[in-house]
Amino acid sequence: MADTVLYEVSDGLATVTLNRPDAMNAMNTEAKVALRDALEAAGADPAVRAVLLTATGRAFCVGQDLKEHVQSLTGEDAMRTVREHYNPIVRAITGMAKPVVAGVNGVAAGAGFGFALAADYRVVADTASFNTSFAGVALSADSGISWTLPRLIGPGRAADLMLFPRSLSAREAYDLGLVGKLVPAAELAAEAERTARALAAGPTLAYASIKEAMAYGAGHSLAQTLEKEDELQTRAGASEDHRIAVEAFLAKEKPRYVGR
């Protein structure tokens with residue numbers, strides 16, 4: 001992996017760290033390719049049970065590196081990065097059958113905001129902020145934010161933030177329901193890792209089913225979703241993890257899940 005993105009697997013947790021602190025983790029081509037490849041590797045690795053997406057420096061990710069982007073504007077396909085990089089990145093986060101935690105250490109803007117929203121859970125420093133940014137540079141939405149943001153806060157509030165981009169404080173984001181845990185900045189790294197490791201030690205097959213059920217329900221009727229829940233619950237109920245959980249409950253012991 002390129003050093004613009006760091007990748008490490010330890011005890012079932014893959015930590016993917018954006019590492020362009022001097023550029024506030026703006027996404028140049030090298031970083032986008034490295035992030036895409038790291039997330040796809042984490043999704044495909046059976047040893048990985050959960051993923052932590054975080055960043056170095058004072059920003060989580062400010063989105064597209066505009067210094068690089070401006071050089072491509074005269075090309076025939078200046079925006080191909082959406083289909084080549086941003087779409088695969090978001091698909092890798094949302095599509096992997098394991099939980100993804102975003103540890104948001106600072107500003108998350110544009111695509112960076114989209115990456116954070118694509119994660120299943122967000123642990124956010126109280127000094128962080130969020131900004132849709134796209135309209136501010138005369139662009140439409142990407143990185144899935146036109147899908148995730150309305151579903152999290154409703155279409156009216158999402159339109160407000162998309163049409164009138166502005167900095168949204170961590171507390172405002174928490175109050176809107178965008179943040180799972182809001183923590184002091186000094187505690188962000190430890191708490192984000194603690195949260196991700198707790199998920200890695202949990203019933204990951206059940207987490208994958210929950211993740212699939214919620215994504216399915218977002219685009220289907222109640223009747224269809226009930227059928228999907230039946231399918232997924234049948235699968236989870238036949239798992240070794242479910243048996244382990246029930247036996248541990250009856251024995252008043254802590255379960256030790258195996259992810260199958």
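**A walk through the sheet, the loops and the pockets**

Biologist: Let's start in the middle of things. How many residues of β5 are buried?

Modeller: Strand β5 is mostly covered. Buried means under 20% relative accessible area, with over 50% called exposed and anything in between partly exposed (1.4 Å probe, protein chains only). Strands are DSSP runs of E with at least two residues, helices are runs of H or I with at least four, and both are numbered from the N terminus. By that yardstick, the count of buried residues in β5 is five of its five.

Biologist: Before we go on, what kind of model is this?

Modeller: Residues are numbered from 1 along each chain as its sequence is written, and side-chain values use heavy atoms, with hydrogens and water left out. Local features need pLDDT of at least 70, side-chain atom pairs count only at pLDDT 80 or more, and totals for chains, interfaces and linings use all residues, as the model is a predicted one.

Biologist: Back to β5: which residues are buried on each of its faces?

Modeller: Both faces of the strand are covered. One side holds Val100, Ala102 and Val104. On the other side sit Val101 and Gly103.

Biologist: Which strands pair with β5, and over how many bridges?

Modeller: Two strands count as paired if DSSP finds at least two bridges between them. In β3 (residues 50-55), Val51 stands opposite Val100 of β5, while in β7 Ala102 faces Arg122 and Val101 has Tyr121 as its bridge partner. Both pairings run in the parallel sense: β3 over three bridges, and β7 (residues 121-125) over four bridges.

Biologist: In what order do the strands of that sheet lie?

Modeller: Picture an open sheet of six strands with mixed pairing. Reading across, the order is β1-β2-β3-β5-β7-β10.

Biologist: And why do β1 and β10 each have one side without a neighbour in the sheet?

Modeller: β1 (5-10) and β10 (181-183) each have a single partner strand, so one side of each is left without a neighbour, and that is because they stand at the edges.

The twist from one strand to the next averages 15 degrees (axes are lines fitted to C-alpha atoms, for helices over the stretch in contact, and angles run from 0 to 180 degrees between N-to-C directions).

Biologist: How do β1 and β2 run, and which residue in their turn has a positive phi?

Modeller: Six bridges join the two strands, which run antiparallel; Leu6, for one, has Thr17 of β2 as its bridge partner. They form a hairpin with two residues between them. The turn residue with a positive phi, about 50 degrees, is Asp11.

Biologist: Is Asn25 buried or exposed?

Modeller: Asn25 is found in the loop between β2 (13-18) and α1 (29-44). Its phi is positive, about 55 degrees, although it is not a glycine. With a relative accessible area of 2%, Asn25 is buried.

Biologist: Which side chains make polar contacts with Gln64?

Modeller: Gln64 lies in the loop between β4 (59-61) and α2 (66-69), and at 18% relative accessible area it is buried. A polar contact is a pair of N or O atoms within 3.5 Å; within protein, one must be able to donate a hydrogen and the other to accept it, and residues adjacent in sequence count only if both atoms are side-chain atoms. The partners are Lys32, at 3.0 Å, and, at 2.7 Å, Tyr86.

Biologist: What is the volume of the largest pocket?

Modeller: On a 1 Å grid over the protein atoms alone, a pocket is an open set of points with protein on both sides within 12 Å along at least five of seven lines, unlike a cavity, where a 1.4 Å probe fits but cannot get out; lining residues have an atom within 4 Å of a point. Grid points are joined across faces, edges and corners, and a volume is the space filled by probe spheres set on the points. For the largest pocket it is about 510 Å³.

Biologist: Which element gives the largest share of its lining?

Modeller: Of the 20 lining residues, Asp120, Trp147, Lys211, Met214 and Ala215 are the closest to the centre. At least two residues each come from α3 (81-95), α4 (111-118), α5 (145-153) and α9 (204-217). The largest share, five residues, comes from α9.
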